[in-house]
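Here's a quick briefing to read with the model open in your viewer. Have a look at the fold first, then work through the topics below.

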Amino acid sequence: MSASDSTNVVASPQVDRARLWWEIAIVLALSVGRSALYSVLALVQALGREQSLGDQSASLNPAANAQAFWDVLYQFLALFFSLAPIALAIYLLWEPGVSAFRRIGLDFRRFGRDAGLGVVLVAVIGIPGLALYAGGRALGITVQVDAAPLDPSWWTVPLLLLSALRAGLTEEVIFIGYLFDRLRRLGWGWWTIILSTAALRGMYHAYQGIGPIFGNFAMGVVFGWCYRRWGRVMPLVIAHTLIDIIAFVGYPLAVALWPGLFGPLPSPSPSPSLSPSP
């Protein structure tokens, strides 16, 4: 590289410098930066546990509170770092002078309309999905989904809400916003893209059993068609987030109200022993 080339790199426009900083931040969040932060926190946590014998005798059960604090902190950090792939997808969609948020419709310009469409999608997808899950459980082709217990801790519901938002952003930004753009650039047709990404969405949820595979495939087809028609990801993110909030927060209530339908299947009774009694 010549001296003039090096000068040009240093004197790059401000927009390029901002883009470079975002690239560095995302790469670090996906790799060594995350590990470095966890390492520092682990060291701080370890130093906080080191006490002399005299200090330990004077403490009034601080361990439980301290452990709860670190557990919650790590859960929030895990949620934060799980947003890094979303940031990477948006970063890769960004072009000079063209906002990726506006390109895929992940903004608040039409939030009222987006929210209304999202609620409609919840009714179209969420209610049949619940029926499909219940039917799959009855047929034994869907695994029991263990919902987090709604304990009285203040952080439980915020964590569940953030988890729902994370899931909505991850799937709709990557499956819809990012893949639709990239596959169109490869020359794929719209219905090929819709069906392919819907199949990928179904595979993504295969751990839940056969029923959710078909349910999420159908959801991918509907969401893909809606994105093709509306050109906006925001209604899909709102709908997905609301569906997961219902699942994360409402599901434990459903288990309590209808344990036979939503609770775990009863384990078979042990076979009677054929050996004679002593």
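What follows covers the overall fold, the salt bridges, one pocket and a few individual residues.

Keep in mind that this is a predicted model. The chain has 13 helices and zero strands, and 32% of its 278 residues count as buried. A search of the whole structure turns up 10 salt bridges, and the second largest pocket holds about 630 Å³ of space.

**Overall fold**

- Reading from the N terminus, the elements go α-α-α-α-α-α-α-α-α-α-α-α-α, so there isn't a strand to be found, given the count of 13 helices and zero strands under the DSSP run rule.
- Take the contacts between residues at least 6 apart in sequence: 74% of them join residues at least 24 apart.
- The accessible surface of the chain adds up to about 17000 Å², and 70% of that belongs to carbon and sulfur atoms.

**Salt bridges around Asp107**

- Asp107 pairs up with Arg232, with the closest N and O atoms 2.7 Å apart.
- Where do the two partners sit? Arg232 is in the loop between α11 (210-230) and α12 (234-257), while Asp107 is in the loop between α7 (100-104) and α8 (111-139), so this pair ties together parts that are 125 residues apart in sequence.
- Arg232 is buried, with a relative accessible area of just 2%.
- Asp107 also has a salt bridge with Arg109, at 3.0 Å from N to O.
- Asp107 itself counts as buried because its relative accessible area is 12%, and the cut-off is under 20%.
- Arg109, on the other hand, is partly exposed at 43% relative accessibility.

**The Glu95 and Arg103 network**

- Arg103 and Glu95 form a salt bridge too, with 3.7 Å between the closest N and O atoms; that counts because the cut-off is within 4 Å.
- Both ends of this bridge are partly exposed: Arg103 has 25% relative accessibility, and Glu95 has 29%.
- Which residues end up in one network with them? Salt bridges that share partners join Glu95, Arg103, Asp181, Arg182 and Arg185.

**The second largest pocket**

- This pocket has 22 lining residues, and the ones nearest its centre are Trp22, Ile26, Ala87, Ile90 and Tyr91.
- Three elements give two or more residues to the lining: α2 (14-30), α5 (62-81) and α6 (84-93).
- Helix α2 provides the largest share of the lining, with eight residues.
- What is the lining made of, by class? It has 18 nonpolar, one polar and three charged residues.

**Leu30, in helix α2**

- Leu30 belongs to helix α2 and is partly exposed, with a relative accessible area of 41%.
- Leaving out residues up to four places away in sequence, Leu30 touches Ala84, Pro85 and Leu88.
- Leu30 and Pro85 are 55 residues apart in sequence, yet their C-alpha atoms are 7.4 Å apart in space.

**Gly202, in helix α10**

- Gly202 is in helix α10, which covers residues 190-204.
- Is Gly202 buried or exposed? It counts as buried, at 1% relative accessibility.
- With residues up to four places away in sequence left out, Gly202 touches Ile213, Asn216 and Phe217.
- Gly202 and Ile213 are 11 residues apart along the chain, and 4.4 Å separates their C-alpha atoms.

**Ser163, in helix α9**

- Ser163 has its place in helix α9, residues 156-185.
- Ser163 is buried because its relative accessible area of 16% falls under the 20% cut-off.
- Which residues does Ser163 touch, not counting those up to four places away in sequence? They are Leu79 and Phe248.

Methods
Residues are numbered from 1 along each chain as its sequence is written. This is a predicted model: local features need pLDDT of at least 70, side-chain atom pairs count only at pLDDT 80 or more; totals for chains, interfaces and linings use all residues. Side-chain values use heavy atoms; hydrogens and water are left out. A salt bridge is a side-chain nitrogen of Lys or Arg within 4 Å of a carboxyl oxygen of Asp or Glu. Buried means under 20% relative accessible area, exposed over 50%, partly exposed in between (1.4 Å probe, protein chains only). Helices (H or I, at least four residues) and strands (E, at least two) are DSSP runs, numbered from the N terminus. On a 1 Å grid over the protein atoms alone, a cavity is a set of points where a 1.4 Å probe fits but cannot get out, and a pocket is an open set with protein on both sides within 12 Å along at least five of seven lines; lining residues have an atom within 4 Å of a point. Grid points are joined across faces, edges and corners, and a volume is the space filled by probe spheres set on the points. Ala, Val, Leu, Ile, Met, Phe, Trp, Tyr, Cys and Pro count as nonpolar, Asp, Glu, Lys and Arg as charged, and the others, Gly among them, as polar. Contact means heavy atoms within 4.5 Å. Accessible areas come from the Shrake-Rupley method with a 1.4 Å probe; for residues, only the protein chains shown count as cover.
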